[in-house]
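Thank you for making time this morning. I would like to walk you through one structure, taking the charged pairs, the helix packing and the aromatic rings in turn.

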Amino acid sequence: MAHTFTFRFRGPAGGLAVDLEAGTVPAGDGIPPHSMQIHRRVRLGLPASGLHWKDAAWLAFGVSLHAPALSELRPDGVVIQVASLACPLSDYRSEAAALAMDGWIRERFALEGPGASVAYDTARGRYVFGWGTTFRPFSDDPLPEDPPPFRDHQELDVTVTGVASVGSWVDADGGGAGFVDRTKHPSWWDEDAAPPQVGDRLHVVVLDAGRDEPRFSALRRDIDIARRLRALRDEV
């Protein structure tokens, strides 16, 4: 029997919406034509009308997040047959198909989530997706050689180690280093705030963990935005 899962994420100028209708095919019915093997006897069947290749890829990745648990739950095999995938009146991001499949599987099989999430980064004007411990969804080596020391929107306590006209270099408690642009220090906006000096202690938020020199902010408004984004992510 088909079951419909509706994924919704509200953003500042719209949001993401996916309606996923799918069901399961009994293992004894054989392998449906044109289905994809995800893991062992866990397979994904696509609708007869077809899908855009990116949507199909992210649906398959959504299944893969739960594939070991599904394999253990259904050792004889399970085929998830997608009947339809629609994105009604929303921003289009193909990654949202994986979040819809993640939600569908958690509802259908009562499984815990793997940590898949989405948030909207106001500072950079884009959606930010997280996949638990998977950092490279379509790589045979999905884990980084060295786990990233920081994540976007993470809060840190740091010590200033160097100061220049363009900003300050800092070391984070627990390891790792980054950079605070001069416009991301309170002294840029408040003439009563002391400029940064070596040895100063700051509470910061990570703005861009992916830079060669991760970018931090010590501004209260950026910290407040990060807290709201983390709250939205945790509600998904």
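Let me begin with a charged pair: in this model, which is a predicted one, the side chains of Arg 227 and Glu 155 meet in a salt bridge, with N to O at 2.7 Å. Arg 227 belongs to helix H5, residues 220-235, while Glu 155 belongs to strand E8, residues 155-164, so this pair ties together parts of the chain that are 72 residues apart in sequence. Arg 227 itself is partly exposed, its relative accessible area being 34%.

A second salt bridge joins Asp 173 to Arg 201, and here the closest N and O atoms are again given as 2.7 Å apart. Asp 173 sits in the loop between strand E9 (167-172) and strand E10 (177-181), whereas Arg 201 is in strand E11 (residues 201-208), so parts 28 residues apart in sequence are tied together by this pair. Asp 173 counts as partly exposed, at 43% relative accessibility.

Back in helix H5, Arg 220 forms a salt bridge with Asp 224, and their closest N and O atoms are 3.2 Å apart. These two residues are four apart in the helix, which means that about one helical turn separates Arg 220 from Asp 224. Asp 224 is partly exposed as well, with a relative accessible area of 27%. Beyond such pairs, there is a network in which Glu 155, Arg 227 and Arg 230 are joined by salt bridges that share partners. How many salt bridges does a search of the whole structure find? The search finds nine. As general background, side chains of opposite charge can pair when their charged atoms come close.

Let me turn to helix packing, where two packed helices are described by the angle between their axes and the distance between the axes. Helix H1, residues 53-64, packs with helix H3, residues 96-109, at an angle of about 35 degrees and with the axes 7 Å apart, and the crossing of H1 and H3 is right-handed. On the H1 side the contact is made by Asp 55, Trp 58, Leu 59, Phe 61, Gly 62 and Val 63, and on the H3 side these meet Ala 97, Ala 98, Met 101 and Ile 105. Sorted by class, the contact of H1 with H3 holds eight nonpolar residues, one polar and one charged.

Two of those H1 residues lead to the aromatic rings, of which the structure holds 11 pairs. The rings of Trp 58 and Phe 61 have centres 5.6 Å apart and planes at 85 degrees, so this pair is edge-to-face. Trp 58 and Phe 61 are three residues apart in helix H1, and so about one helical turn separates them. Are they buried or exposed? Trp 58 is buried, with a relative accessible area of 12%, and Phe 61 counts as buried at 5% relative accessibility. Another edge-to-face pair is that of Trp 104 and Phe 109, whose ring centres are 6.2 Å apart and whose planes stand at 70 degrees; both of these residues are buried. Finally, Trp 58 and Phe 61 belong to one aromatic cluster together with Phe 129, Trp 131 and Phe 138.

I will close with Pro 195, which is found in the loop between helix H4 (186-189) and E11. Leaving aside its neighbours within four places in sequence, Pro 195 is in contact with His 185, Ser 187 and Asp 200.

Technical notes. Residues are numbered from 1 along each chain as its sequence is written. This is a predicted model: local features need pLDDT of at least 70, side-chain atom pairs count only at pLDDT 80 or more; totals for chains, interfaces and linings use all residues. Side-chain values use heavy atoms; hydrogens and water are left out. A salt bridge is a side-chain nitrogen of Lys or Arg within 4 Å of a carboxyl oxygen of Asp or Glu. Buried means under 20% relative accessible area, exposed over 50%, partly exposed in between (1.4 Å probe, protein chains only). Axes are lines fitted to C-alpha atoms, for helices over the stretch in contact, and angles run from 0 to 180 degrees between N-to-C directions. A crossing is left-handed if the near helix is turned anticlockwise from the far one by less than a right angle, and right-handed if clockwise. Contact means heavy atoms within 4.5 Å. Ala, Val, Leu, Ile, Met, Phe, Trp, Tyr, Cys and Pro count as nonpolar, Asp, Glu, Lys and Arg as charged, and the others, Gly among them, as polar. Rings of Phe, Tyr and Trp (its six-membered ring) pair if their centres lie within 6.5 Å; planes under 30 degrees apart count as stacked, over 60 as edge-to-face and the rest as tilted.
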